[in-house]
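This report goes through the side-chain pairs and the annotated positions of one protein chain. Please keep the sequence and the structure in view while reading.

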Amino acid sequence: MMTLPHHPFGTEITATDIVAQMQSAKGWEDRYRNVIQLGKKLPALPDEYKQDNVTVSGCESQVWLVHAKQNEVFHFAADSDARIVRGLITLVLAVYEGKTADEIAAFDIDSYFADLGLIDHLSPSRGNGLKAIVEQIKRLATA
């Protein structure tokens, strides 16, 4: 089985923590800074994982998403060549890391994104890229 790089999202940094951090932010610039800071906590994906077959289509930036399934639980690791996208990846990993296929399918991602107060401020291509990452995780979980 593939051993993925460890990251703190979904374990030490939860979706609840991120929502609280975003909701206490003072305006859009502060939220944007929070997203960039979260992205800095995402370990770089080693080059051997950055294969064409794990890129996320629908993203303007390069995004790689790898996964492993262990005892019905999914583990994800991802990376991007864009700072803001690395931050957006952390928002998604905080939700889906360490969850079962049923938990992934049941999670209300639209409500979560609404709670973060970000989507309205993302460019259409960033918003589409974020949705593409979520869709790829959902596809992997049901495959």
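## Salt bridges

Arg86 and Asp79 form a salt bridge, with 2.2 Å between the closest N and O atoms. The model is a predicted one, and the distances and areas in this report are computed from it. Asp79 is buried, at 2% relative accessibility. Arg86 has a relative accessible area of 15%, and because the limit for buried is under 20%, Arg86 counts as buried too.

The structure holds five salt bridges. Another of them joins Lys50 to Asp47, where the closest N and O atoms are 4.0 Å apart. Here Lys50 is partly exposed, with 27% relative accessibility, while Asp47 is exposed at 61%. Salt bridges link Asp47, Lys50, Asp79 and Arg86 in a network. That network therefore includes the buried Asp79 and the exposed Asp47.

A further salt bridge brings together the side chains of Glu72 and Lys69, at 3.6 Å from N to O. Glu72 is exposed, with a relative accessibility of 54%. Lys69 has a value of 43% and counts as partly exposed. Side chains of opposite charge can pair when their charged atoms come close.

## A charge over a ring

Lys50 has a second partner besides Asp47. Its charged end sits over the ring of Trp64, at 4.8 Å from the ring centre. Lys50 thus takes part in a salt bridge with Asp47 and also places its charge over an aromatic ring.

## Aromatic pairs

How many aromatic pairs does a search of the whole structure find? The search finds five. A pair of aromatic rings is described by the distance of the centres and the angle of the planes. For Trp28 and Tyr32 the ring centres are 5.5 Å apart and the planes stand at 65°, so this pair is edge-to-face. Both residues belong to helix H2, where they are four residues apart, and so about one helical turn separates them. Tyr32 is partly exposed, with a relative accessible area of 34%.

Tyr112 and Phe113 make a tilted pair, with 5.8 Å from centre to centre and 35° between the planes. Tyr112 is buried, at a relative accessible area of 4%. Phe113 is likewise buried, at 7%. Ring pairs link these two residues with Tyr96 and Phe107 into a cluster.

## The loop between H2 and S1

Two residues of this loop are described here, Cys59 and Ser61. The loop runs between helix H2 (28–40) and strand S1 (63–70). Cys59 carries the UniProt annotation "active site", which comes from an unreviewed entry. Is Cys59 buried or exposed in the model? Cys59 is buried, with a relative accessible area of 17%. Apart from neighbours within four places in sequence, Cys59 is in contact with Gly129, Ala132 and Ile133.

Ser61 is buried as well, with a relative accessible area of 13%. Which residues does Ser61 touch, not counting residues up to four places away in sequence? They are Ser80, Asp81, Ala82, Val85 and Arg126. With Arg126 there is also a polar contact, side chain to side chain, at 3.4 Å.

## Ala25 and the annotated domain

Ala25 lies in the loop between helix H1 (15–23) and H2. Ala25 is buried, at a relative accessible area of 12%. Leaving aside neighbours within four places in sequence, Ala25 is in contact with Asp30, Arg31 and Asn34. Ala25 and Leu116 are 91 residues apart in sequence, while their C-alpha atoms are 9.9 Å apart in space.

An unreviewed UniProt entry gives residues 20–139 the annotation "domain: Fe-S metabolism associated". Over this range the chain is 51% helix and 15% strand. The C-alpha atoms at the two ends of the range are 28 Å apart.

Terms used:
Residues are numbered from 1 along each chain as its sequence is written. This is a predicted model: local features need pLDDT of at least 70, side-chain atom pairs count only at pLDDT 80 or more; totals for chains, interfaces and linings use all residues. Side-chain values use heavy atoms; hydrogens and water are left out. Buried means under 20% relative accessible area, exposed over 50%, partly exposed in between (1.4 Å probe, protein chains only). A polar contact is a pair of N or O atoms within 3.5 Å; within protein, one must be able to donate a hydrogen and the other to accept it, and residues adjacent in sequence count only if both atoms are side-chain atoms. Contact means heavy atoms within 4.5 Å. UniProt positions are given in the numbering used here, feature names are shortened, and annotations may be inferred rather than shown by experiment. Rings of Phe, Tyr and Trp (its six-membered ring) pair if their centres lie within 6.5 Å; planes under 30 degrees apart count as stacked, over 60 as edge-to-face and the rest as tilted. A charge sits over a ring if NZ of Lys or CZ of Arg is within 6 Å of the ring centre and within 35 degrees of the ring normal.
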